[in-house]
Amino acid sequence: MNIDWAALGTVFGVSLVATVGLVGLFTLGIVGLSKQEGATASGGSATVARTGAYACFALCAAAVAYGIFLIVA
């Protein structure tokens with residue numbers, strides 16, 4: 001039994017980058033929602049923070065949907 005270590009390393013690296021990227025994107029969405037609450041409490045407009053947070057969540061959902069598509073197809 002031979003193990004292709006280069007392919008295994010590539011899969012590990014891509015998985016690590018994708019995981020860190022998705023977690024970071026989701027974290028930015030949560031931070032955007034918390035900034036929205038802070039701006040609303042101080043009497044300001046929070047449209048940009050809310051829109052950015054929703055965009056981050058939409059990108060996370062799209063990435064997950066694409067991963068499911070790759071697995072099923």
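Q: What makes α2 count as a helix of the expected span?
A: In this predicted model, helix α2 covers residues 47–72, which is 26 residues. From its first C-alpha to its last it reaches 37 Å, and 1.5 Å a residue would give 38 Å, so the two values are close.

Q: How do you know which residues of α2 are buried, and what covers them?
A: The cut-off for buried is under 20% relative accessible area. In α2, the residues that meet it are Ala 53, Cys 56 and Cys 60. As for the cover, it includes α1, residues 5–41.

Q: What about α1: how does its reach compare with the span expected at 1.5 Å a residue?
A: Helix α1 has 37 residues and reaches 54 Å from first C-alpha to last, close to the expected 54 Å. Just past this helix comes Gly 43, with a positive phi near 90 degrees.

Q: Which residues of α1 are buried, and what covers them?
A: Gly 29, Gly 32, Gln 36 and Ala 39 are buried in α1. Their cover includes α2. A bit of helix geometry is handy here: an α-helix has 3.6 residues a turn, so residues three or four places apart point the same way.

Q: Why is Gln 36 called buried?
A: Gln 36 sits in helix α1. Its relative accessibility is 17%, and buried means under 20%, so Gln 36 makes the cut. Beyond its neighbours within four places in sequence, Gln 36 is in contact with Ala 46, Ala 49 and Arg 50.

Q: Why does Glu 37 count as exposed?
A: Glu 37 is in helix α1 too. With 58% relative accessibility, Glu 37 is past the line for exposed, which is over 50%, so exposed is the right word. On distances, Glu 37 and Tyr 66 are 29 residues apart in sequence, and 31 Å apart in space from C-alpha to C-alpha.

Q: Why is Leu 8 called partly exposed?
A: Leu 8, another residue in helix α1, has a relative accessible area of 44%. Buried is under 20% and exposed is over 50%, so 44% lands in between and Leu 8 is partly exposed.

Q: What makes up the nonpolar patch on the surface?
A: The patch is formed by Met 1, Ile 3, Trp 5 and Leu 8, and together they have about 560 Å² of accessible area. Joining the patch takes over 30% relative accessible area, so Leu 8 at 44% clears that bar.

Q: How many helices and strands does the protein have, and how do you know whether it is spread out or a compact globule?
A: The secondary structure is two helices and zero strands. The radius of gyration is 18 Å, well over the 11 Å from the globule rule for 73 residues, so the protein is more spread out than a compact globule. Along the principal axes, the C-alpha trace spans about 65 × 25 × 10 Å.

Q: What share of the residues is buried, and what is the accessible surface made of?
A: Buried residues come to 11% of the 73. The accessible surface is about 5500 Å², with 75% of it belonging to carbon and sulfur atoms.

Technical notes: Residues are numbered from 1 along each chain as its sequence is written. This is a predicted model: local features need pLDDT of at least 70, side-chain atom pairs count only at pLDDT 80 or more; totals for chains, interfaces and linings use all residues. Side-chain values use heavy atoms; hydrogens and water are left out. Helices (H or I, at least four residues) and strands (E, at least two) are DSSP runs, numbered from the N terminus. Buried means under 20% relative accessible area, exposed over 50%, partly exposed in between (1.4 Å probe, protein chains only). Contact means heavy atoms within 4.5 Å. Patches are made of residues with over 30% relative accessible area and no salt bridge: like charges are joined within 9 Å, nonpolar side chains (Val, Leu, Ile, Met, Phe, Trp, Tyr) within 5 Å. Accessible areas come from the Shrake-Rupley method with a 1.4 Å probe; for residues, only the protein chains shown count as cover. A salt bridge is a side-chain nitrogen of Lys or Arg within 4 Å of a carboxyl oxygen of Asp or Glu. The radius of gyration is taken over C-alpha atoms; the globule rule is 2.2 Å times the number of residues to the power 0.38.
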